[in-house]
Amino acid sequence: MSEKAPLLHYRLTTSDAEPTDGSKRGRAKVCRDGRGSGEKPARKLGVVFGVVTPTLLSMFSVVVFLRIGFVVGQAGLYQSIAMFLVAYVIITMTVLSVCAISTNGALDAGGAYYMISRALGPEFGGSIGIMFFFANVCGSALYVLGLVEAIMSVFGIPEEGGAASAGPLQVLPSGYLWSVLYGTGLLFLCFLVCLVGAHIYAKAAFIIFIIVTTVLVSVFISFFIVRPVGVVLPSVNSTSLTIANFTGFRLHTLQSNLLPNYTVDYTTGAMMNFATVFAVMFNGCTGIMAGSNMSGDLKNPSYSIPRGTIAAVLITFITYNLLSLLAAWSCDRCLLQKNYSFMGDINIWPPMVTIGVYSSTISAAMSNLIGASRILYALSKDNLFGGLLVLTRKTSRSGNPWASVLVSWLLVQVVLFAGKLNTIAGIVTIFFLLVYAAVNLACLALEWASAPNFRPSFRCFTWHTCTLGIIGCLVMMFLISAIYAFASIAFMLLLLMLIHYFGPISNWGYISQALIFHQVHSHKPIFRLTTTTLIGVTAPLSFSSHLCLIQVRKYLLMLDVRKDHVKFWRPQVLLMVANPRSSTGLMTFINDLKKSGLYVLGHVKLGLLDGLPSDPLQSCYESWLSLVDHLNIKAFVNLTLADSVRHGVQNLLFITGFGYGLDTVCLTKDPTEHRSPFFPSVRGTEEDKDLQEEEYVSLIADAVKMGKNVTLARYFDQFNREEVLGSGRKTAGKQSMTGPFVDVWPLNLLQPDSHGYVDTCSLFLLQLACVLQETRTWNQARLRLFLCVEAGCSMQEEEETKLRVMLKKLRISAQVQMVTWDEVVALHWQRQGGRETGNLPECAQSEEMMEQEERAQKEDGNEMFPNNAAQLTEEYICAVNNLILRHGAPRPAVRFLYLPRPPADINRYRAYLHQVDLLSRDLGPTLLIHGVTPVVTTDL
């Protein structure tokens, strides 16, 4: 991959960018699986239509109308509010995890399945996806049958008395086959809506939402304006009429409904208790994924899902508690316990509540049907089950997965023939809870892995909330039904093993590798034992140390570089230390920069082993480890003996790294040297103090050829960590609102012909700066991003917009500053003769010329710098240096600059190093960075 590659597979280009001819041809091709063009279908849904409306309807369903009185009548107001608080704490923990994962990258179709599979891998994601699919299928059938029963209770002819005892409205024939027929008709209506597309479903759901909202408003109004009245209770095995009172707002009524009074449920004959009532109430709160299931149809899932889901949860929580308070304040306990449909009896227009029940139930059935189809479509796209789901990949021209909708509808129809689904209803809820627990587990694993690319824009979560969500979901599973809970977990494990042994190999990355790596390098005893063992410092081990060593060996053998993935990338730094006495500031800074990555201190001792009686390095390790302890850093030490520094660095680059190879080498060559009295001399008096320029640049060139990122550190002898970090906390004894500044210049300042900044090196520059800001000690730091533009150029606003969009997609918080550098860049063009100060060509012509030069450079990435290096003057480079200094107020703690690739011609090594020296002269602590490996991704 060329360093100028636009990284299309990381979605860093904007939609208005001009496609290449090849991309145009690729979009015109028709896929063999019938999905139409390769271009992604347009996403049309926003926050309200795509997330808030389906989530509200799914969470309300019939519980808001038929179960509020049941909960308050059995548990009392105090315990009812406590139940809602506990339930919504569990739900909120899951919602926080959903929001975190959904804002960490581009979210595709599949909702919860997509989040879990991309975080925990295909085995866990596929098994949970299948269970989530069946839960939605059975949930849709349950809602359809519930709607049929609600309709038959009003319009159906009683089976016992027949037509003679039927009322004027009871005209529909009753019976099993008739119920299946009615359910088939209602399901076919839902199928037609979902078959047309998500936009029609969203409009239908919004209409139903308006109806349900109107019904709820009428319920609230009825509590206030309806006068006290007696309500006839449903007769159960009795011919006498029983009447309970709606008293209106009475203090005596409220006091009588505060405490629990558990009795026999008149519909089932079972004795109620806290657990059973809580389980019934919790069933109505498990619709939080309805909006996430629409992720493939949302315009901006990362924006819509957090805002829409949180808004829906808050609205339902407030509504449930207000209804509970009003019911306890105005209804006798007998009315609440013996008539679950009392809201219709006390409504200003009784049929209004019946309409609300029908509307909310049909919307919940549609929500589960379209959710099941999206999950099935995502499973088929990921090809986890081979050719079994190949037919469900077909979509319409608008992108609607009609084949998945058809299969989902057929399966729901099969479930309808089962008739009564009371036994399935419990396990469906448990399936949903298991999915919620898996979402929390995925977020917990990502948080514990501590990968730099996991930086969701939604930060209101911790590993504590994830753990609490997992525990809450598991407790609720066993509270509802321990047998069903064990059965669902066993079913999930069975699917997991089947996918593991028979499923295809994915390229989504392995969270297990990231967790193992983090465990090895973050656990202090394991880390210290690994350090002393791997470098050859041996000593008698205690029993605990021996066990720890076995654990280290197990972890290291489990690391597999073939399973590495860019989304779990973290810095793997080899810091070459010539003299530790002058590098203590740099060593502590790199320790902050590594962010739980691999950190190795390397040192080359000149000499040959042939003329020595023993290895002279063994006696040096103890001093190096003492320095590591003194500086309180987590670093391995690797020393080597070689005939030249270049050969020694090559050896270290080849052999350093356990399981994962190093990807970054950091070199330093400061002009001054401040010595620390702590560390003794490590260099002999006969050894040269400095490298030759050619050998120093050869180190950079060798590292680049080996595919390593290179960082040159300058002036870190001036870096005082305590002073820099202290300035962000206190200023003159007062708390400061601004932390230290970190300046980033992502443009190749030594190649002014290029105006692009979205290349591998620039992205690596941004990633390192962001990693530094994410560490605990630098979390108050503020990034300042400088973009050099020419005044009046037509591309200025476009470049700034593209840069801000890119930062948003990468979840990087930075202050963008546009720097006008016409006078500086004019010095370069004057040397070329292409521009004169008083006679500048048109900006469009210059842009076209730069684009032509860049295209020519892309043909041979190794010759990018030499063609331009000979044309740079010291006057231009000094002007760039002054430009950086002028825009350095307040003074930054550290600067990140773009380091060009070394020239291919070794005769230009000296000029190259001289230009880098002029560029960074007197800038204070500065990192000049050249990145060659992709380290960022916008994929989940």
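**An open mixed sheet and its aromatic surroundings**

In the predicted model, ten strands are arranged as an open sheet with mixed pairing, in the order S5-S4-S3-S6-S7-S14-S13-S10-S11-S12. The sheet is bounded by strand S5 (636-642) and strand S12 (814-820), the edge strands, each of which pairs on one side only. Averaged over the sheet and with direction ignored, neighbouring strands are turned by 25° against each other. Helix H24 (residues 645-655) packs on this sheet, where it touches strand S3 (572-576), strand S4 (598-606), S5 and strand S6 (664-668), and the direction of H24 makes about 135° with that of S5. Elsewhere in the sheet, S13 and strand S14 (residues 926-930) pair in the parallel sense over four bridges, and Phe896 stands opposite Leu927 in S14.

Confidence varies along the protein chain, for which the mean pLDDT is 79, with 79% of the residues reaching 70 or more. The highest confidence belongs to strand S13 (residues 894-898), at a mean of 93, whereas the lowest is found in helix H1 (residues 21-28), at 39. Over residues 1-39, pLDDT stays under 50, and the model has 65 contacts beyond four places in sequence for this stretch. A further stretch, residues 671-687, also stays under 50 in pLDDT, with 33 contacts beyond four places in sequence. Where pLDDT is low, the predicted coordinates should not be read in detail.

With respect to aromatic side chains, the structure holds 30 aromatic pairs. The rings of Phe60 and Tyr320 have their centres 5.9 Å apart and their planes at 90°, an angle over 60 degrees, and the pair is therefore classed as edge-to-face. This pair links distant parts of the chain, since Phe60 lies in helix H2 (residues 47-60) and Tyr320 in helix H11 (residues 301-330), the two being 260 residues apart. Phe60 is buried, with a relative accessible area of 4%, and Tyr320 is likewise buried, with a relative accessible area of 1%. Phe432 and Tyr436 form an aromatic pair that is tilted, with 6.5 Å from centre to centre and 35° between the planes. Both Phe432 and Tyr436 lie in helix H16 (residues 422-449), where they are four residues apart, or about one turn of the helix. For Phe432 the relative accessible area is 10%, and this residue therefore counts as buried; Tyr436 is buried as well, with a relative accessible area of 3%.

Ring pairs also link Phe589, Phe716, Phe719 and Trp778 into a cluster. In addition, a charged side chain is placed against an aromatic ring, with Arg784 lying over the face of Phe741 at 4.3 Å from the ring centre.

Phe246, which has its place in strand S2 (residues 243-246), counts as buried because its relative accessibility is 1%, under the 20% cut-off. Leaving aside neighbours within four places in sequence, Phe246 is in contact with Ser222, Phe223, Val226, Arg227, Pro228 and Val229, as well as with Ser330, Cys331, Leu335 and Ile346. Of these contacts, the one with Ser330 joins residues that are 84 residues apart in sequence, while their C-alpha atoms are 6.1 Å apart in space.

Key:
Residues numbered from 1 in each chain as written. Predicted model: local features only at pLDDT ≥ 70, side-chain atom pairs only at ≥ 80, totals over all residues. Heavy atoms only, no water. pLDDT = per-residue confidence, 0-100. Contact = heavy atoms within 4.5 Å. Buried < 20%, exposed > 50% of the residue type's maximum accessible area, 1.4 Å probe, protein only. Pairing = 2+ DSSP bridges. Axes fitted to C-alpha atoms, helices over the stretch in contact; angles between N-to-C directions. Phe/Tyr/Trp six-rings, centres within 6.5 Å; stacked < 30°, edge-to-face > 60°. Lys NZ or Arg CZ within 6 Å of the ring centre and 35° of its normal.
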